[in-house]
Amino acid sequence: MSDSDSHRSSSDSDSSSELNVGSSRFNPLKALYSSKLKVPVTNARLHDNVNTLEAKQNTLGGFTEPYDEQRVKQIRASINTSKLKEVPKDVKPLRRFLPEQEPVRRVKPMRHRNNVFLRLEKGFEGPLGQLQDWMQQGTRVRVYIRKQKGVRGHVSGVLMLFDKHWNLAVRDVCETWRRRSYRHTENRLDPDGIVAPQDCSDRLRKLGIVLPATQVRRDGKKNVIITRRVPKLLIRGEQVVLVTPEPTPSTT
């Protein structure tokens with residue numbers, strides 16, 4: 001009996017030492033599941049982990065300092081306010097971007113950067129340069145216009161604008177062209193199906209469309225020459241045959 005009692009007492013002492021937090025033989029796993037564990041400090045504050053406790057004690061100044069939750073909050077609040085820089089009210093805060101986060105500068109395509117006006121400022125050479133001189137001097141020019149076969153007529157006026165495709169904008173225009181007389185034109189339609197022409201001037205006048213007056217004079221027996229004046233005219237470059245200064249009456 002004495003041996004069993006001594007063995008039981010030694011086992012009890014070993015188990016108590018494993019449950020003792022201050023003992024070198026402390027077994028945390030056994031203490032976790034044992035109902036005999038006695039907490040040394042009953043009013044000890046609970047923490048999530050050891051790192052949290054260590055961080056709070058380091059904030060207080062070490063483990064030698066008494067733990068005070070209120071003091072920890074005050075110290076951390078003072079540290080956070082010192083990190084914040086006071087920005088004046090009239091200054092807007094600027095956001096910091098990494099180089100790859102910076103806004104990309106938009107470059108306009110070439111078709112938006114080059115236009116007729118910028119091209120005229122740079123100047124032209126050759127025939128287009130001569131056109132530019134006439135435009136700047138306000139010289140009256142004569143533009144010969146083509147038709148499907150041959151030259152249709154010519155347009156006289158002052159150049160306002162042009163481009164590299166020979167599209168011309170002309171003002172104070174006098175247009176002259178030649179055509180066959182109606183009685184000498186070839187009519188391939190059925191005479192019974194021909195409808196008499198109607199005068200639409202009243203209808204156009206109601207729409208606000210005013211047609212320029214034309215002057216017709218005979219050129220031989222089969223042709224007539226028609227002349228009309230318009231304030232402005234746009235001539236497509238594909239219709240231009242030749243551009244020359246307007247000849248004076250003495251040269252004609």
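This passage describes the surface, the largest pocket, the salt bridges and one helix of a predicted model.

Helix α2 covers residues 28–33, and L32 has its place there. With a relative accessibility of 61%, L32 counts as exposed, because the cut-off for that class is over 50%. L32 also belongs to a nonpolar patch on the surface, which it forms with L29 and Y33. Together, the three residues of the patch have about 410 Å² of accessible area.

A residue of helix α3 gives a contrasting case. This helix spans residues 50–60 and includes Q57. The relative accessible area of Q57 is 6%, and the residue is therefore buried, the limit for that class being under 20%. When neighbours within four places in sequence are left aside, Q57 is in contact with G62, F63, E65 and Y67.

The largest pocket of the model has a volume of about 570 Å³. It is lined by 18 residues, of which V21, V39, A44, R45 and L46 are the closest to its centre. Both α2 and α3 contribute to the lining of this pocket, each with at least two residues. The largest share comes from α2, which supplies three residues.

Nine salt bridges were found in a search of the whole structure. One of them joins K30 and E18, whose closest N and O atoms are 3.0 Å apart. K30 is in helix α2 and E18 is in helix α1 (residues 2–18), so this salt bridge ties together parts that are 12 residues apart in sequence. K30 has a relative accessible area of 32% and is thus partly exposed.

Another salt bridge is formed by the side chains of D219 and R178, with an N to O distance of 3.0 Å. Here the link is between distant parts of the chain: D219 is in strand β4 (residues 214–219) and R178 in strand β3 (residues 168–180), with their positions 41 residues apart in sequence. Both partners fall in the partly exposed class, D219 with a relative accessible area of 27% and R178 with a relative accessibility of 46%.

A salt bridge within a single helix is seen for R205 and D202, where the closest N and O atoms are 2.8 Å apart. Helix α8 (residues 201–206) holds both residues, and they are three residues apart, or about one turn of the helix. In general, residues three or four places apart in an α-helix point the same way, because such a helix has 3.6 residues a turn. R205 counts as exposed, at 55% relative accessibility, while D202, with a relative accessible area of 48%, is partly exposed. Elsewhere, R152, E175 and R228 are joined into one network by salt bridges that share partners.

Helix α7 takes in residues 127–137, and its buried residues are L128, G129, L131, Q132, W134 and M135. These buried residues pack against several other elements, namely helix α6 (116–122) and the strands β1 (140–146), β2 (151–162), β3 and β6 (240–245). After α7 comes G138, which has a positive phi, near 70°.

Note on methods. Residues are numbered from 1 along each chain as its sequence is written. This is a predicted model: local features need pLDDT of at least 70, side-chain atom pairs count only at pLDDT 80 or more; totals for chains, interfaces and linings use all residues. Side-chain values use heavy atoms; hydrogens and water are left out. Patches are made of residues with over 30% relative accessible area and no salt bridge: like charges are joined within 9 Å, nonpolar side chains (Val, Leu, Ile, Met, Phe, Trp, Tyr) within 5 Å. Accessible areas come from the Shrake-Rupley method with a 1.4 Å probe; for residues, only the protein chains shown count as cover. A salt bridge is a side-chain nitrogen of Lys or Arg within 4 Å of a carboxyl oxygen of Asp or Glu. Helices (H or I, at least four residues) and strands (E, at least two) are DSSP runs, numbered from the N terminus. Buried means under 20% relative accessible area, exposed over 50%, partly exposed in between (1.4 Å probe, protein chains only). Contact means heavy atoms within 4.5 Å. On a 1 Å grid over the protein atoms alone, a cavity is a set of points where a 1.4 Å probe fits but cannot get out, and a pocket is an open set with protein on both sides within 12 Å along at least five of seven lines; lining residues have an atom within 4 Å of a point. Grid points are joined across faces, edges and corners, and a volume is the space filled by probe spheres set on the points.
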